[in-house]
Amino acid sequence: MSAPTAGVARRFRDAFARCPGLLDRLCAAEPAVWVNPRHGSTTDGLPLTKTDLEDAQARWDRLVPLLAHLFPSEAPTGRIASSLDALPPSLPALLGLGAGARAFVKADSHLPVCASVKARGGLFEVFSRAEHVCLQQKLLDKADDYKKIASEPVVKVLSEEEVAVGSTGNLGMSVGLAAAALKMRATVHMSADAKEWKKRLLRSRGVNVVEHAGLYGEAVEQGRKEADANPRCHFVDDESSTTLFLGYSAAAKELKGQLEELKIEVSSANPLVVYIPCGVGGAPGGICWGLKHCFGDAVHIFFAEPTHAPCVTAGLASGLHDDICVQDLGLDGKTEADGLAVGRASGLVCKSVEGLVAGTFTVDDNELFESLVRLIDAGGRFMEPSCCAGLLGPTRLRSAAGVPSEVSALLDRGTHVFWATGGAL
């Protein structure tokens, strides 16, 4: 038994038997790569269906007039959408891409309202909750102009409703700001690694911020417990919410439209490769699932995690999903990438993407800051250090031992999209 895995329970060691060397690297908090042997595009038998994806896209469409009304300067079109920006010309080669590869940033770091990918999930769930209350109380019909939700009689009803969430930062921001816009009460339970400025911003909007001394899991559990005791409180559960997941998934259609506008073909000969920073897994999982519905075998998605909090890598590679946490591997779950500081993966996400995601890789905190400097020096836009985890993907896949040749060959062709998950605020 190697030194790093000496304290790991037998059942966890056995679960990693099909991934030689991976457990050692994870336990030692060393950068690692896991290539999914089950990678494919079969979505049959999963918890959600293509109909659910289409319903989510239709709800986003219904919300357009309301979002434009509530956020006239931030989202004047009513769309929670981000640009697809070409990387500065000197950067792709520095990142490890070949001359035949195109490279873009999906700038969710500049999404309206809260400048993070969590706007896609948090806003979607809060506004879905408001829609549900209004439909249930006969205050709204799906054929109505949804600006009606912002009318005085409806807002009076919504002001009696409450939402709560546990968060490392960005999800709490999106839920709190969305609830404040609708005059709903909101409580955000924030873990110890949440940034102070995010707490200040939420409090300035009237959101109740509860600080916890522990990590992400404790904040979520306490928030869930308090919400369960209040029948008027809806808990936004980052670990198991299908509504959050579907809010994120609609981003796939947006990216598909942008690539079509640029006349970029996506096919087996010209693959799409997407790198997404990953915490509990909700946003990358939803996006991955949506992309597979749009592009099938032509898209390859890789999740990026911190070396000290590789919960989704552990859950998928072992097959144990949410029945294993990083503490089981002797890791502390602490990282400067606050949005990725999660000890246990979402079971919903692991089940939904275990046959879809191409693989995962882990990065050290120092590499995040080095990548950010490289990005800015090359003329790119600022993003949170945690977003820079994705930028390490090509180098990691090209240099790691044991990566199949068909995976490393992806780095020399096709279209590569680095998902920037937060940073403009």
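How are α10 and α12 oriented to each other? In this predicted model, the axes of helix α10, residues 242-249, and helix α12, residues 282-295, cross at roughly 55°, and α10 and α12 are therefore oblique to each other.

## The α10 and α12 crossing

The axes of α10 and α12 come within 7 Å, and the crossing of these helices is right-handed. On the α10 side the contact is made by Phe245, Leu246, Tyr248 and Ser249, while α12 contributes Gly282, Ala283, Gly285, Gly286, Ile287, Trp289 and Gly290. Sorted by class, the contact of α10 with α12 holds six nonpolar and five polar residues, with no charged residues.

## The α5 and α7 crossing

A second helix pair is formed by α5, residues 118-136, and α7, residues 170-181, whose axes come within 8 Å and cross at roughly 40°. Helices α5 and α7 are therefore oblique to each other, and their crossing is right-handed.

From α5, the residues that make the contact are Lys118, Ala119, Gly122, Leu123, Val126 and Phe127, and from α7 they are Asn170, Leu171, Ser174, Val175, Ala178 and Ala179. The residues of the contact of α5 with α7 comprise eight nonpolar, three polar and one charged.

## The parallel sheet

Four strands, in the order β6-β5-β4-β7, make up an open sheet in which the pairing is parallel. The edges are taken by β6, residues 208-211, and β7, residues 233-236, each of which has a single partner strand, so one side of each is left without a neighbour in the sheet. Ignoring direction, neighbouring strands of this sheet are turned by 20° against each other on average.

Strand β4, residues 162-167, is joined to the edge strand β7 by four bridges, and the two run parallel. As one of the details of this pairing, Glu162 has Cys233 in β7 as its bridge partner.

## Helices on the sheet

Helix α7, which also takes part in the crossing with α5, lies across β4, β5 (residues 185-190) and β7, and runs at about 165° to β4. Helix α9, residues 216-228, likewise packs on the sheet and touches β4, β5 and β7, its direction making about 160° with that of β4. Angles over 145 degrees count as roughly antiparallel, so α7, at about 165°, and α9, at about 160°, both run roughly antiparallel to β4.

Terms used. Residues numbered from 1 in each chain as written. Predicted model: local features only at pLDDT ≥ 70, side-chain atom pairs only at ≥ 80, totals over all residues. Heavy atoms only, no water. Axes fitted to C-alpha atoms, helices over the stretch in contact; angles between N-to-C directions. Parallel < 35°, antiparallel > 145°, perpendicular 65-115°, else oblique. Left-handed = near helix turned anticlockwise from the far one by under 90°. Contact = heavy atoms within 4.5 Å. Nonpolar A, V, L, I, M, F, W, Y, C, P; charged D, E, K, R; others polar. Pairing = 2+ DSSP bridges.
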